[in-house]
Amino acid sequence: MIDLRDIHSLSEFQRNAKEFIKQMKQSKSPLALTINGKAELIVQDAGSYQEMRERLERAEALAAIRQGMEEFARGEGQDAREALDALRQKHGIPR
């Protein structure tokens, strides 16, 4: 979540980029940048961005696994061996 103190104009960021970059690296928090008084950009350090992406990917994978388990519990799934056999037959892949 963005701290309301971390909202700055793009012009201010451009004038003080080194200081803002130092601040972001220390705090690991993003900055919101405004253009004409409207929030337009989010800026954050690369390490924090990568960590956020990895967390998102894990969350999406867990959600997909959970969905698959729920579908299988409702009888909507197919046994993995049966699915692989069907794919082999469909594409002419020998065992």
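A residue counts as partly exposed when its relative accessible area falls between the buried limit, under 20%, and the exposed limit, over 50%. By that yardstick E51, at 41%, is partly exposed. The model discussed here is predicted, and every figure quoted below is computed from it.

Helix α3 is a good place to start. The helix runs over residues 46–73, and its 28 residues should span 40 Å at 1.5 Å a residue; the end C-alpha atoms turn out to be 41 Å apart, so expectation and model agree. At the front of α3, D45 points a side-chain oxygen to within 3.3 Å of the backbone nitrogen of G47. At the other end, just past the helix, G75 adopts a positive phi of about 85°.

Charge pairing comes up along this helix. Side chains of opposite charge can pair when their charged atoms come close. A search of the whole structure turns up five salt bridges. One of them joins the side chains of E51 and R55, with an N to O distance of 2.9 Å. Both residues sit in α3, four residues apart, or about one turn of the helix. While E51 is partly exposed at 41%, R55 has a relative accessibility of 51% and therefore counts as exposed; the cut-off for that label is over 50%.

R53 and E57 make another salt bridge in α3, the closest N and O atoms here being 3.9 Å apart. That distance still qualifies because the limit for a salt bridge is 4 Å. The spacing follows the helix again: R53 and E57 are four residues apart in α3, so about one helical turn separates them. R53 is partly exposed, with a relative accessible area of 35%, and E57 is partly exposed too, at 48%.

Helix α3 also has a nonpolar side to show. L62, which lies in α3, joins I65 and M69 in making a nonpolar surface patch of about 320 Å². L62 itself has 48% relative accessibility, so it counts as partly exposed.

Helix α4 passes the length check as well. Its twelve residues, 80–91, should span 16 Å at 1.5 Å a residue, and the end C-alpha atoms are 16 Å apart, which agrees. At the start of α4, a side-chain oxygen of D79 comes to within 3.0 Å of the backbone nitrogen of R81. Just after the helix, G92 takes a positive phi of about 65°.

What links α4 to the segment that follows it? D85 forms a salt bridge with R95, with the closest N and O atoms 2.3 Å apart. D85 lies in α4 and R95 in the segment after α4, so the pair ties together parts that are ten residues apart in sequence. Solvent exposure splits the two partners: D85 is partly exposed at 27%, whereas R95, at 78% relative accessibility, counts as exposed. The pairing extends to R88, since D85, R88 and R95 are linked in a network of salt bridges.

Turning to the strands, H8 is found in β1, residues 7–9, and T34 in β2, residues 31–35. Are these two residues buried or exposed? H8 has a relative accessible area of 13%, so it is buried. T34, at 15%, is buried as well. The two touch each other across the strands: sequence neighbours up to four places away aside, H8 contacts F20, L31, A32, L33 and T34. On the same basis, T34 is in contact with I7, H8, S9, L10, A39 and E40.

Finally, the loops hold a couple of unusual backbone entries. K28 has a positive phi of about 60° although it is not a glycine, and K28 lies in the loop between α2 (17–27) and β2. N36 is another non-glycine residue with a positive phi, near 55°. N36 belongs to the loop between β2 and β3 (38–43). With 80% relative accessibility, N36 counts as exposed.

Notes:
Residues numbered from 1 in each chain as written. Predicted model: local features only at pLDDT ≥ 70, side-chain atom pairs only at ≥ 80, totals over all residues. Heavy atoms only, no water. Helix = DSSP H or I, 4+ residues; strand = E, 2+ residues; numbered from the N terminus. Expected span 1.5 Å × (residues − 1). Polar contact = N/O pair within 3.5 Å; in protein donor to acceptor, adjacent residues only side chain to side chain. Patch = residues over 30% accessible without salt bridge, like charges linked within 9 Å, V, L, I, M, F, W, Y side chains within 5 Å. Areas by Shrake-Rupley, 256 points an atom, 1.4 Å probe, with all protein chains shown as cover. Buried < 20%, exposed > 50% of the residue type's maximum accessible area, 1.4 Å probe, protein only. Contact = heavy atoms within 4.5 Å.
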